[in-house]
Amino acid sequence: MDFLSPTTLAEALEAKAERPEALPIMGGTDVMVEVNFGRRRPAALLDLTKVPELAEWGRDDGVLRVGAGVTYTRVIEELGRLLPGLAIASRTVGSPQIRNRGTVGGNLGSASPAGDAHPPLLAAGAEVEVASARGRRTVPVEEFFIGPKRNVLAPDELVLAFRSRPAAGPEQFCKVGTRNAMVIAVASFSLALDPAERRVGTGIGSAAPTPRRAKEAEAFLEDELAEDDLWGMPRALGPQVVNRFSELVVLAASPIDDVRGTAAYRKHALGVMARRALCWAWDEYQRS
Amino acid sequence: MSTVLSQPWAGERERLGLRGGVGSDAPRPDGILKVKGRFAFSSDLWAEGMIWGATARSPHPRALIAGIDVSEALRLPGVRCVLTQEDVPGRKTYGLEVADQPVLAIDEVRYQGEPIAIVAADDPETARRAAAAVYVGYNVLEPVVDPEEALRTSSDKVHPTGNIVRHLKVRRGDPDATADIVVSGEYEVRMQDQAFLGPESGLAVPAEDGGVDLYVATQWLHVDQDQVAASLGLPAGKVRLSLSGVGGAFGAREDLSLQVHLCMLALRTGRPVKMVYSREESFFGHVHRHPARLRYTHGANRDGKLVYVKAEILLDGGAYMSSSRAVVANAGTLGIGPYEVPNVSMDAYGVYTNNPPCGAMRGFGAVQACFAYESQMDRLAAALGVGPVELRARNAMAEGSVMPTGQVVEGPAPVAELLRRVHSAPLPPALGAAAAATSLPGGAANTTHGEGVARGVGYALGFKNVGFSEGFDDYSTARVSLARAGGRPIATVHTAAAEVGQGLVTVQAQIARTELGTEQVVVETADTQVGSAGSSSASRQTYVTGGAVKAACAEVREVLFERAAQLLGCLPADLVIADEAVVVREGGGFGADRAVPLVELVADGPVERTVQWRHRPTQPVDPETGQGNAHVQYCFAAHRAVVDVDVELGLVKVVEIVTAQDVGKAINPSAVLGQIHGGTAQGLGLALMEEIQVEGGRVKNASFTDYLIPTILDMPPMRVDVLELGDPFAPYGLRGVGEAPTISSTPAIVAAVRAATGRDLTRVPVRPEDIIGEVAS
Amino acid sequence: MRLSLTVNSRPYQAEGVWEGESLLYVLRERLGFWGAKNACEQGECGSCSVVLDGVLVCACLVAAGQAQHSEILTVEGLTPGRSPDDLGPVQRAFLEAGAVQCGFCTPGLIVASHELLRQNPAPTDAQVREALAGNLCRCTGYEKILDAVRLAAAGLEGGPL
């Protein structure tokens, strides 16, 4: 096994182009488990933790650009106000040790349907910046996942960053697990309200082969909010609206039975989370 | 309130207030090394020239072995040998009760993970790859996975002897007794795992005499030695075991895991061999708690007094016997709980299946029964219109009560008092309107801001026998010597008793300090150079090894008093130990000229005595009626649990657990609390999250990712009320501590969840699906 | 490959390190720092917790090469002196509070507690629980571990860690 340790982005992209079979490693919270257990024996590990460009975040014409190497701890501490939904999700990841090493970029790279960062990114309408020696491209998060643990990256590509506008309104994230720490989501739900664009964003986790949006639920709620000018003159949402929204979120999911929970429970839990998250987010909007 | 035992010189001993003696929070002798990271666990062992072992295991729960091909494994560079059952030099099977378990599979495999071949190689990675390269041809068979099916004569036989490993019957009183109110229930306890943190590991070093020195983490050195020697075809004297650091046990180290394997590899290669199981392998490498199905019927009269209990308990023992017969006996004889019931009919069964083998886990059958009988008591209380505490108080056992086995409960049995204490403890405050996230069910996962949260309170009582039962010859051996070193007396204690974290080394030192009056005590490494101490299980070690150490100290003291009596011209009975000297006890004062320093009494050499010490004997029970004095001591505990439940998501936050327990005499109060806290935590795990999920004989969650044990965010604050009521038959009046807290904690928590949700909850661990009931899709 | 790193303020080199090894393996098997423990090798138990360049991590999840030229603090580095009884304040607190039973989780917990108190010398109970949520203990139920951290924090009134 080779250990490749680039110190610039250009070196990293060159290394991946030369050795497409090299396995990128950031926080190691997925990759090292596979290596420790002998499940994967890549010909090379491509260490990205020494590439400073990947560990930066900044604003680029109003859009937040967060490098793939920014850890969950840093998301919580530095981006808590700009990306509140993602910060809540980050706080539910693993443990302090895991959060200190794990990254959103790594989460995207592993593309697990249970990845905690994915629902907030979907709800925020984020994009993934991907690069290779051939150039860069941007992929909307909802197009990034193509199957369980599969994403659109070509063998010579790396995740550079995700891009998202800072939260324009309230965001929420909920995750159900059978223990209070270090637990893989049984189901998770994220919600983002954008009053300026009059947009509702959602993200569902652990309840489908990939993380996904609940588009019909979003469209339904956007219509309801626009129809009664609730954005402009916020008042309480009627229970029928909240319940219908919740139903549509559940309909958007296609969970399975597995060792962590049943499909039926996951659907039920999603419905409860959707209802509650909407109430909290809308409450916050009303008060603001 | 506590009973002070009378001993001839107890008054003087208490007056001396010796530091670090019995009753003090003496610090652990191994504590400094542990906090520095310098304490050697079995996985830290190292020897010059050491090579590594690995194990090839069956992926199938049931199959015939058509053939084993080790040639490819042998070809890997760095591989020293690959061994199968043909290479087992002596007895090819082992077992705690019955030698039914092959060292390496012979012609068939009976559970997923059964060892088939072992490898020795130069590094762990090569050893692992070689084990994976052992090719085994299987004729896969349909596994026997349903214990109720296994009971039937029509079932496939897991072993030729048949599937029923034991049927314990208890019959007492009138089988036709009637009662005003009758409640029945069926309950299920799923498979829990001990999940100790220190993985199975050890080091075997071949010796020049053709024998082997084995350094291993285990619970009972001598029973390991017996089985290893038998399988190696060596006399016991050539198989020398030393206890290395143990990273927790909880029953999982009573059976052999890698002991014989390591010795075989070491003897074959002529090199020291180390093996360390991975966490995944560990889940397959040790026995688990017996899953149980329990059917109970309780009959009581309108005055709330229990009239009868009829019960059937079915324990799934998995592929091999381990200690299943004893687990069945415990579940059955303790199966109606710490209550007075005049009429009892109990049938407890253990069966073989091709599920993972089950054996000892803290609580040992009493855990499963307690969940059932405590659930029943709450049902009965509801049917009678009486509070759950009131019903229990009316029927609680006391000193002099008669067990279903006919055995009279001797010594204090403060069951009602324990219940009263947990009941009267103030309740925690209700959740405020702006409760912090971490106080709510779901915590930082942000699943509720208070919506759907209901609080519930639950109670449970439980008890456990202490020590080995049914006539087992239960003893421990201690060698104690007093010598001089650097001008001061120093006592040395040597036993084979396994320190597994509970604080046994501390207790041994405390007893020597109190009995010999010396502050300096060394507790030597446990090994087989001294007689057996019995198992570190059944909450028995402080009692039995403590008893042995106390008795050996008494014999040493007798010698010292004889010598001193001659020097001082008095009788031994006039003497006591004070300030590291033997002094004449005289109307309250000691004179310096009526004293002989201990160091002088051992000036010519150490005084050493070895004692083999037994508790009072127990008897087997009658095979038809279950009557007999089966147990030597009981330990009783009561729990109260307060939970907040998100009833819409089925998530539970345990708010507080209060425990009351009679420990007889707290030899080390801090360590007693540690045992109660830890046992309660394991009970919480079984109540809410711990289950080895088995389907078709296959384990689906052999990792800490999906076998969930409580984290610090899952454990609530725990309040403990310790009683010391003194068992007149036990050394210092002590009672075994470790298991009782694991027993009634589970049903108390489930009772609290029932109170919060109104759900029946007849299964543990409770899942969110169970709490929310039928889910509309 | 050859690995150069600083452990407990002293420089070390390890030769012949396999590229797939974890930092945990390097520390335990190559450099003689066997205080950090392997109880799961997948970041689920915290027994291998060390501080890497000022941040608490699971050493089992750090590839050896990622620790090149880094500074590591292990439990062995928390003992201030050379005498057998020299103990750091967190170590002393764990002993006094009775928070050590089998001891397998102890090194990881002591490192994690030390890091917590270095960043937050007066944590609330909730903060302590959240900070130690990545460290499993099977023996104590965590009650005396909380006592130990409170005790260590109380002892810090004289100055930070």
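Chain B meets chain A through 26 residues of its own, set against 28 residues from chain A. The model is predicted. On the chain B side of this contact, helix α19 (residues 768-772) gives the largest share, with three residues. By class, that side of chain B holds nine nonpolar, 10 polar and seven charged residues.

Just ahead of helix α19 comes an unusual bond. B:Pro765 sits in the loop between β33 (763-764) and α19 of chain B. The peptide bond that leads into B:Pro765 from B:Val764 is cis, with omega near 0°. Most peptide bonds are trans.

Now move to a sheet in chain B. Four strands form an open sheet in the order β23-β22-β21-β27, and their pairing is mixed. Which strands stand at the edges? They are β23 (521-523) and β27 (607-614) of chain B. Each has a single partner strand, so one side of each is left without a neighbour in the sheet. From one strand to the next, the twist averages 20°.

Follow the pairing of β27 with β21. Strand β21 (residues 475-485) of chain B runs antiparallel to β27(B), and eight bridges join them. One point to find by eye is B:Arg479, whose bridge partner in β27(B) is B:Thr610.

Two helices lie across this sheet. Helix α13 (residues 504-516) of chain B crosses β21, β22 (488-494) and β23 of chain B. Its direction makes about 145° with β23(B). Helix α14 (residues 541-568) of chain B lies across β21, β22 and β27 of chain B. Helix α14 of chain B runs at about 40° to β21(B). Strands β21 and β22 of chain B therefore have both helices lying across them.

Chain A has an open sheet too. Five strands make it up, in the order β4-β5-β10-β6-β7, with antiparallel pairing. Here β4 (57-60) and β7 (135-140) of chain A stand at the edges. Each pairs with a single strand, so one side of each has no neighbour in the sheet. The twist averages 25° from one strand to the next.

At the β4 edge, four bridges join β4(A) to strand β5 (residues 63-67) of chain A, and the two run antiparallel. A:Trp57 has A:Val66 as its bridge partner in β5(A). Helix α1 (residues 9-18) of chain A packs on this sheet. There it touches β6 (127-132) and β10 (158-164) of chain A, and its direction makes about 70° with that of β6(A).

Backbone angles come next. Most residues other than glycine have a negative phi. A:Ser206 has a positive phi, near 60°. It is found in the loop between β13 (199-205) and α9 (215-227) of chain A. Is A:Ser206 buried or exposed? It counts as buried, because 30 C-beta neighbours lie inside 10 Å. B:Ala195 also has a positive phi, of about 45°. Its place is the loop between β10 (181-189) and β11 (201-206) of chain B. B:Ala195 is buried as well, with 26 other C-beta atoms within 10 Å.

Last, chain C. It is divided into domain 1 (3-78) and domain 2 (89-158). Their centres, taken over C-alpha atoms, are 21 Å apart. The contact between them takes 14 residues from domain 1 of chain C and 14 residues from domain 2 of chain C. On the domain 1 side, strand β3 (residues 49-52) of chain C supplies the largest share, three residues. That side of domain 1 divides into nine nonpolar, four polar and one charged residue.

Note on methods. Residues numbered from 1 in each chain as written. Chains lettered and ligands numbered in written order. Predicted model: local features only at pLDDT ≥ 70, side-chain atom pairs only at ≥ 80, totals over all residues. Domains from an automatic or database assignment. Contact = placed C-beta atoms within 7 Å. Nonpolar A, V, L, I, M, F, W, Y, C, P; charged D, E, K, R; others polar. Pairing = 2+ DSSP bridges. Axes fitted to C-alpha atoms, helices over the stretch in contact; angles between N-to-C directions. Buried ≥ 20, exposed ≤ 12 C-beta atoms within 10 Å, placed from the backbone.
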